[in-house]
Amino acid sequence: MNSVILGIESSCDDTSAAVIVDGVLRSNVIASQKVHEAYGGVVPELASRAHQQNIVPVVSEALRQANVKPSELSAIAFTRGPGLLGSLLVGVSFAKGMAIGLNKPIVDVNHLHAHVLSHFIKKEESDEVPEFPFMCLLISGGNSQIILVKDYNDMTILGQTIDDAAGEAFDKCAKVMGLPYPGGPHIDRLAQTGDAKRFKFSKPNIPGYDYSFSGLKTSFLYTLRDAKKENPNFVEENINDLAASLQKTIIDILIKKLDLAVKDYPVKHVAIGGGVSANSGVRDAISEFCKKRNIKAWIPERSFTTDNAAMVAIAGYFKYKDNQFCSLDLPPYARVEV
Ligand code: KG4
């Protein structure tokens, strides 16, 4: 074993630890926090407390499953940000404490950077990975970005949302429809049997590669409000068509800017990542988009679309190979660009 990396992720509401040995995944343990469901969103204070409870058993289990002793670790990688500060502090402090105790180096990882590099998580040595440069559409609950990935540690954000993220558009519209949080997966499910051409919602018209989703949210809200005045059961009676039309609008917005980026920066590979990349419609649309342009599409396994430490460990592995370590006084950050 040349390099044994422990990854720790605690940026939002999942406590996760993973072990990557010589670039190959050995374990990926995730403790999700159910405590937030009753509140319709993640409650930061509760998330921090749950991380405190979960972190020791999750890290122990990841090491156990990987059959790796703490003394065998080459480095400990942790998510430094962006995310909820209280949640991040748990993972950051734990990683530092463990590193001091074991006298091991630490590697700080940008959470968004890790989402992009999730395509390099190998289960077998022979697994294929994307070729540089490639374009990555990073779509999550907090971010929507088009990133030109030139190397493991060299990425440029070409465009990003100027207001809501794609995931927020799903979640906020789902809330108006009376669906539980997070609404994205519910919209996905309902859209499967809906007519996507039935309703039209507003699409943004902003220059460059940037995204905007707040206009769509408002237009969705007004459509429902006006329709409910005529028929109080409008949402219930049309829920599948509403979900399908909303999903189609979000996909059209995402694809339009991706198309522009790929025209200006010709690449042979396109990848997607982040929670929204679990969406069936998005996955199909990206596959079709790439097929038409003779581009190889990289669609992540669903378990790697949400927050996980495997992606933190792989991002840490590439920084470790570049000798990019950090100091023990490095603080976490809530917001940052790639
Ligand atoms: O990347 P992620 O786990 O959280 C952030 O760190 O932001 O993404 C969560 C987002 C939520 O907005 C959720 O509704 C959305 O991903 N999401 C989906 C689906 N699965 C998760 N959106 C649409 N369709 C899905 N199947």
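**Exercise 1.** State which helices each supply at least two residues of the shell around the ligand.

*Solution.* Step 1: take helices as DSSP runs of H or I with at least four residues, and strands as runs of E with at least two, numbered from the N terminus. Step 2: the helices are α3 (111–117), α4 (166–176) and α5 (184–191). This is a predicted model in which local features need pLDDT of at least 70 and side-chain atom pairs pLDDT 80 or more, while totals for chains, interfaces and linings use all residues. Residues are numbered from 1 along each chain as its sequence is written, and side-chain values use heavy atoms, without hydrogens or water.

**Exercise 2.** Identify which residues come nearest to the ligand, and list polar contacts with it.

*Solution.* Step 1: a residue is near if one of its heavy atoms lies within 4 Å. Of 19 residues around the ligand, Gly141, Asp171, Asp188, Gly275 and Asn279 come nearest. Step 2: a polar contact to the ligand is a pair of N or O atoms within 3.5 Å. Asn279 places a polar side-chain atom 3.0 Å from a ligand nitrogen. Ligand oxygen atoms lie 3.1 Å from a backbone N or O atom of Gly142 and 3.3 Å from a polar side-chain atom of Ser140.

**Exercise 3.** Describe the five-stranded sheet.

*Solution.* Step 1: strands pair if DSSP finds at least two bridges between them. Step 2: the sheet is open, with order β3-β2-β1-β4-β5 and mixed pairing. Step 3: β3 (24–32) and β5 (106–110) are the edge strands, each pairing on one side only. Step 4: β4 (residues 75–81) pairs with β5 in the parallel sense over five bridges, and Thr79 stands opposite Val109 in β5.

Key: A polar contact is a pair of N or O atoms within 3.5 Å; within protein, one must be able to donate a hydrogen and the other to accept it, and residues adjacent in sequence count only if both atoms are side-chain atoms.
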